[in-house]
Amino acid sequence: MWKVAAPAPPNSAPLPSPQLRSRLRVQSSAMPPLKYREMAAPTLFPLRNPMIRTRFAPSPTGFLHVGGARTALFNWLFARGHGGEFVLRIEDTDQVRSTAESAAGILSDLQWLGLDWDRGPVPGQEKNEYFQSTRLDIYNGFIDALAKSGHVYEAWETPAQLAAMRSQAEREKRPFRYRRQMPGRAPKGSTPCVLRFEMPHEEISFHDLILGPIQVGAEEHDDIVIRKSDGFPTYHFAVVVDDHLMEISHVLRAQEHLMNTPKHLALYRALGWKPPEHAHMPLVFNMDNTKMSKRDKSKAARHAAQLLMKNKPEVTLETLAAMAKVEPEALGKFLHQKQDNSAVTTAVAQALHLALPEIEVQDFRRSGYLHDALLNFIALIGWAPGENREILTRHELLDLFSLEGIGKTNGRFDRKKLLWMNGEYIRRASLKDLAQHMQAFNAVTDYPIKSADPAMLDKLLTMYQERMGTLGEMAENSRFFFSAPPLDPKAVDKFVRIASGPQHLQEIISLLAAANPWNAEGISPAMESIITMGEKRGSAAQILRVAVSGGAVSPPLLETLLLLGRDQTLDRLKRLEKEVAGVSGS
RNA sequence: GCCCUCAUCGUCUAGAGGCCUAGGACACGGGCUUUUCACGCCUGUAACUGGGGUUCGAAUCCCCAUGAGGGCACCA
């Protein structure tokens, strides 16, 4: 778990209880005509409405995905931008897949992003009432009420039977809909059964705040399971009960939930509750239009490994396993049976020096993206403030955000633009802020720069601020300040193993050896000579660059040498001298 | 297969019937600056999916086609 500079701890305000719950009225059997919502567009909201309350309700089955982060951001912006409240609720009704680690990770990622919540779990503490798994009796109470009014019935099919019924329907090319009065329902059995909710037999329509009017025909409804055989409510039921009890005014969620909304509205109606407003936002995909999934990371690692083994036959499964320090068997399964495995993925990527695509928030964090840059970028997918604005502070985001600004078309996650934006944030940041970001970055990564003292970090930051896209880039490129780097043979050939190379190298060594004192004034004359050395201005300086940095690219030499110090500089020059002399005989 | 949704440069988008010869940003190309790499500055290429309507006039409204995405779980 990472350490997090903790924002203000969220309040754990009590749930709306008895009096509010007493407002709950279960519908009698005589139903009034179905009219879920007037088709005319409702007024979106008055400005600064204290009654606006949104929620982000992730299921703790993995780390926080950028898509989830965007949903959280939009909900947060909408609530806070209008003086409302933002609720965080953990939907852990899937006993098999939910883990406490995931929940903690999601909390930590949201905190890192600065998306704080008014009500919800308290980091570092036990599950409270914002974890659905603690609320079983509440759901059961409402299920009982719904049963009394005749909306609920038992269904005894096993999962296997249901699967068979579905494939049967598929073979007959007809849609499968589970309905109470359909023929061939399983008789009462001895195993625990599920409880289903009988959907109305009428068209359901509603007005989506982003998409406009949506209708779903009566024949499309399916009697949804509301309680699983393990006694836990399904998502559909728990979400409705909690959104009501927690007085959520606006449900802002991804468009993949659009078809769930009629089910939820039917539940609201059966429970006698007023549903919240709904707004479904467009989805975000990879540039190639595939879904952004953590599997992309495995795919990238697998692809790179297979390419390597194809191009270099000497690399076998065993050698690669040894390189990555994983079991050959596990690697085999990963490679050949396409068994995704995050441990193997990471190990392979590390062994091959492969940068995995960032998918989860923590990936971006570890790559050295600034949280505000990530937030800014994410906000701009599917939403635009108008006026050609792009770089927006958190404050401006809050100020400008509106549901009307959300578009209807799916977006793509353009990593190049994110990289640009992150660089933009880095260049605009103060040195002090950058140092803080670097510290947070160091806490979750392990680069040599971790060992830099504040003074050195400051100097490095100054040097790299204008030439990095991410903190990770700087951490990588600044390695040579901490230990002698490997020499890039291509750079050595190009700049040093040339006719004038050895002689220039000698001159550089004696110039710098004589430089005194080792400060800007003392070195500058030597630097000037080095730059003007040779035919083309600056060409000889590359020799020096290769010597100290190992390659053809580095921050400006003067500052570099100053930070490196005389001894390191001369050592590395002599190392290069030896390298060139040693091989020239062959 | 059935249902739902969407459709402007490669990408994110501006655009609410005449302000559109379609604007901005990223990316890409060219140039300047430069001891490398960046940064910065200047500059270029590039889009209204197609077809029918409505209208004096359509990127904007309607219909159809096509394409794309989502959903069809005892997952959420």
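Histidine 353 counts as exposed, at 74% relative accessibility. In this predicted model, histidine 353 lies in the loop between α11 and α12 (361-367), and its phi is positive, about 55°, although the residue is not a glycine. Most residues other than glycine have a negative phi, and most peptide bonds are trans. Lysine 338 likewise has a positive phi, near 50°, in a residue other than glycine. Lysine 338 is placed in the loop between α10 and α11 and counts as exposed at 58% relative accessibility.

Two further backbone features concern a glycine and a proline. Glycine 272, just after α7, takes a positive phi of about 80°. Asparagine 516 and proline 517 are joined by a cis peptide bond, with omega about -10°; proline 517 lies in the loop between α20 (501-514) and α21 (520-532).

**Overall dimensions and composition**

Chain A contains 24 helices and 11 strands. Its C-alpha atoms fill a box of roughly 100 × 55 × 40 Å along the principal axes. Of its 586 residues, 51% count as buried. Among contacts in chain A with a separation of 6 or more, 76% are between residues 24 or more positions apart.

**Helix packing**

The loop that holds lysine 338 lies between α10 and α11, and these two helices pack against each other. Helix α10 (residues 328-336) and helix α11 (residues 342-351) have their axes 10 Å apart, at an angle of about 95°. That angle makes α10 roughly perpendicular to α11. Ala330, Leu331 and Phe334 of α10 make the contact with Val344, Thr345 and Val348 of α11.

Threonine 345, in helix α11, counts as buried because its relative accessibility is 4%. Leaving aside residues up to four places away in sequence, threonine 345 touches Lys297, Ser298, Ala301, Phe334 and Leu356. Phe334 is also one of the α10 residues in the contact between the two helices.

A second helix pair is formed by α13 (residues 371-379) and α15 (residues 415-428), which pack at an angle of about 135° with their axes 9 Å apart. This angle makes α13 oblique to α15. The crossing of α13 past α15 is right-handed. On α13 the contact is made by Asp372, Ala373, Leu374, Asn376 and Phe377, and on α15 by Lys417, Leu418, Met421, Asn422 and Tyr425. Phe377 also belongs to a cluster of rings, in which ring pairs link Phe364, Tyr369, Phe377 and Phe413.

**Aromatic and charge-ring arrangements**

The count of aromatic pairs comes to eight. In one of them, phenylalanine 142 and tryptophan 273 have ring centres 5.1 Å apart and planes at 85°, so the pair is edge-to-face; planes over 60 degrees apart count as edge-to-face. The pair links distant parts of the chain, 131 residues apart: phenylalanine 142 is in helix α4 (residues 136-148), and tryptophan 273 is in the loop between α7 (261-271) and β9 (277-281). Both phenylalanine 142 and tryptophan 273 are buried.

Charged side-chain ends also sit over aromatic rings, as tabulated here.

| Charged residue | Ring residue | Distance of charged end from ring centre |
|---|---|---|
| arginine 70 | phenylalanine 74 | 5.3 Å |
| arginine 196 | tyrosine 178 | 3.7 Å |

Arginine 196 can further be placed relative to helix α4. Alanine 147 lies in that helix, and the C-alpha atoms of alanine 147 and arginine 196 are separated by 9.8 Å, although these residues are 49 residues apart along the chain. Alanine 147 counts as partly exposed, at 36% relative accessibility, whereas phenylalanine 142 is buried.

**The environment of α7**

Helix α7 precedes the loop that carries tryptophan 273. How many residues of α7 are buried? The figure is 11 of the 11 residues, so α7 is largely enclosed by the rest of the structure. The buried residues include Lys263, His264 and Arg269, together with Leu265, Leu267 and Leu271. Thr261, Pro262, Ala266, Tyr268 and Ala270 are buried as well. Glycine 272, with its positive phi, comes just after this helix.

Methods
Residues numbered from 1 in each chain as written. Chains lettered and ligands numbered in written order. Predicted model: local features only at pLDDT ≥ 70, side-chain atom pairs only at ≥ 80, totals over all residues. Heavy atoms only, no water. Phe/Tyr/Trp six-rings, centres within 6.5 Å; stacked < 30°, edge-to-face > 60°. Helix = DSSP H or I, 4+ residues; strand = E, 2+ residues; numbered from the N terminus. Buried < 20%, exposed > 50% of the residue type's maximum accessible area, 1.4 Å probe, protein only. Lys NZ or Arg CZ within 6 Å of the ring centre and 35° of its normal. Axes fitted to C-alpha atoms, helices over the stretch in contact; angles between N-to-C directions. Parallel < 35°, antiparallel > 145°, perpendicular 65-115°, else oblique. Left-handed = near helix turned anticlockwise from the far one by under 90°. Contact = heavy atoms within 4.5 Å.
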